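Welcome, and thanks for joining this short tutorial. Let us look at a structure together and practise reading its features one at a time.

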Amino acid sequence: MRTAEVGTAIWLVAFIALLPFYGALEDSGRTWWLWTCMAGFGIGLFGLEYCRRRRKARAELADG
């Protein structure tokens, strides 16, 4: 779970770090960098929810 949290946070930080360079990214045709970071963040959120649900289900199975 920690890996998913850190990875998701890194994608968000990368997105925020690229925002001030939007004009330069647009001029060079690399705005896809920005949207790749946003997609990584979004997928990371799904991954966090998956991990949370999986952990809960495993705990319920262990309890009997």
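What follows is a conversation between a learner and a teacher about this predicted model.

Q: Let me begin with the helices. How many residues does α1 have, and what span does α1 reach?
A: A handy check is to set the end-to-end span of a helix beside the span expected at 1.5 Å a residue. Here α1 has 17 residues and runs 24 Å from its first C-alpha to its last, close to the expected 24 Å.

Q: And how many residues does α3 have, and what span does α3 reach?
A: The check works in the same manner. With 32 residues, α3 covers 46 Å between its first and last C-alpha, close to the 46 Å expected. Just after α3 comes Gly64, which takes a positive phi of about 110°.

Q: Now for burial. Which residues of α1 are buried, and where do they fall around the axis of α1?
A: The idea is to list the buried positions, then look down the helix axis. In α1, the buried residues are Thr8, Phe15 and Leu18. They fall within an arc of 100° when seen down the axis of α1, so they line one face of the helix. On the other side of α1, the exposed residues are Arg2, Thr3, Ile10 and Val13.

Q: What do the buried residues of α1 pack against?
A: For this we turn to contacts. The buried residues of α1 pack against α2 and α3.

Q: Which residues of α3 are buried, then, and what do they pack against?
A: We can read α3 from its own side. Its buried residues are Leu34, Cys37, Gly40, Phe41, Gly44 and Leu48. These buried residues of α3 pack against α1 and α2, the latter spanning 22-27.

Q: Which residues make up the largest nonpolar core?
A: To read a core, look for buried nonpolar residues joined through their side chains. In this model the largest such core has five residues: Phe15, Leu18, Leu25, Leu34 and Cys37. The elements giving two or more residues to this core are α1 (2-18) and α3 (32-63).

Q: Can we zoom in on one member? Which residues does Leu34 touch, not counting residues up to four places away in sequence?
A: Leaving out sequence neighbours lets us concentrate on contacts across the fold. With residues up to four places away set aside, Leu34 touches Phe15, Leu18, Leu19 and Tyr22.

Q: I would like to try a distance between residues. How many residues apart in sequence are Val6 and Gly44, and how far apart are they in space?
A: Comparing the two kinds of separation is a good habit. Val6 and Gly44 are 38 residues apart in sequence, and their C-alpha atoms are 9.3 Å apart in space. Val6 lies in helix α1 and, at 42% relative accessibility, counts as partly exposed. Gly44 is one of the buried residues of α3.

Q: On to cysteines. How many disulfides does a search of the whole structure find?
A: A disulfide is a covalent bond between the sulfur atoms of two cysteines. The search of the whole structure finds zero disulfides. As for accessibility, Cys37 counts as buried at 6%, while Cys51 is partly exposed with a relative accessible area of 25%.

Q: How many salt bridges does a search of the whole structure find?
A: Here we look for pairs of oppositely placed partners, a side-chain nitrogen and a carboxyl oxygen. The search finds three salt bridges. One of them joins Glu5 to Arg2, with their closest N and O atoms 3.3 Å apart. Both residues lie in helix α1, three residues apart, about one turn of the helix. Glu5 is partly exposed at 31% relative accessibility, and Arg2 is exposed at 62%.

Q: Which residues are joined into one network by salt bridges that share partners?
A: The trick is to look for a residue that appears in more than one pair. Arg52 bridges to Glu49, the closest N and O atoms being 2.6 Å apart. Arg53 also forms a salt bridge with Glu49, at 2.9 Å between the closest N and O atoms. Through shared partners, Glu49, Arg52 and Arg53 become one network.

Q: How are the members of that network placed along helix α3?
A: Sequence spacing tells us about helical turns. Arg52 and Glu49 are three residues apart in α3, about one turn of the helix. Arg53 and Glu49 are four residues apart in α3, again about one helical turn. In accessibility, Glu49 is partly exposed at 28%, Arg52 is partly exposed at 41%, and Arg53 is exposed at 55%.

Key
Residues are numbered from 1 along each chain as its sequence is written. This is a predicted model: local features need pLDDT of at least 70, side-chain atom pairs count only at pLDDT 80 or more; totals for chains, interfaces and linings use all residues. Side-chain values use heavy atoms; hydrogens and water are left out. A nonpolar core is a set of buried Ala, Val, Leu, Ile, Met, Phe, Trp, Tyr and Cys residues joined through side-chain atoms within 4.5 Å. Buried means under 20% relative accessible area, exposed over 50%, partly exposed in between (1.4 Å probe, protein chains only). Contact means heavy atoms within 4.5 Å. The expected span of a helix is 1.5 Å times one less than its number of residues. The arc is that of the directions from the helix axis to the C-beta atoms. A disulfide is a pair of cysteine sulfur atoms within 2.5 Å. A salt bridge is a side-chain nitrogen of Lys or Arg within 4 Å of a carboxyl oxygen of Asp or Glu.
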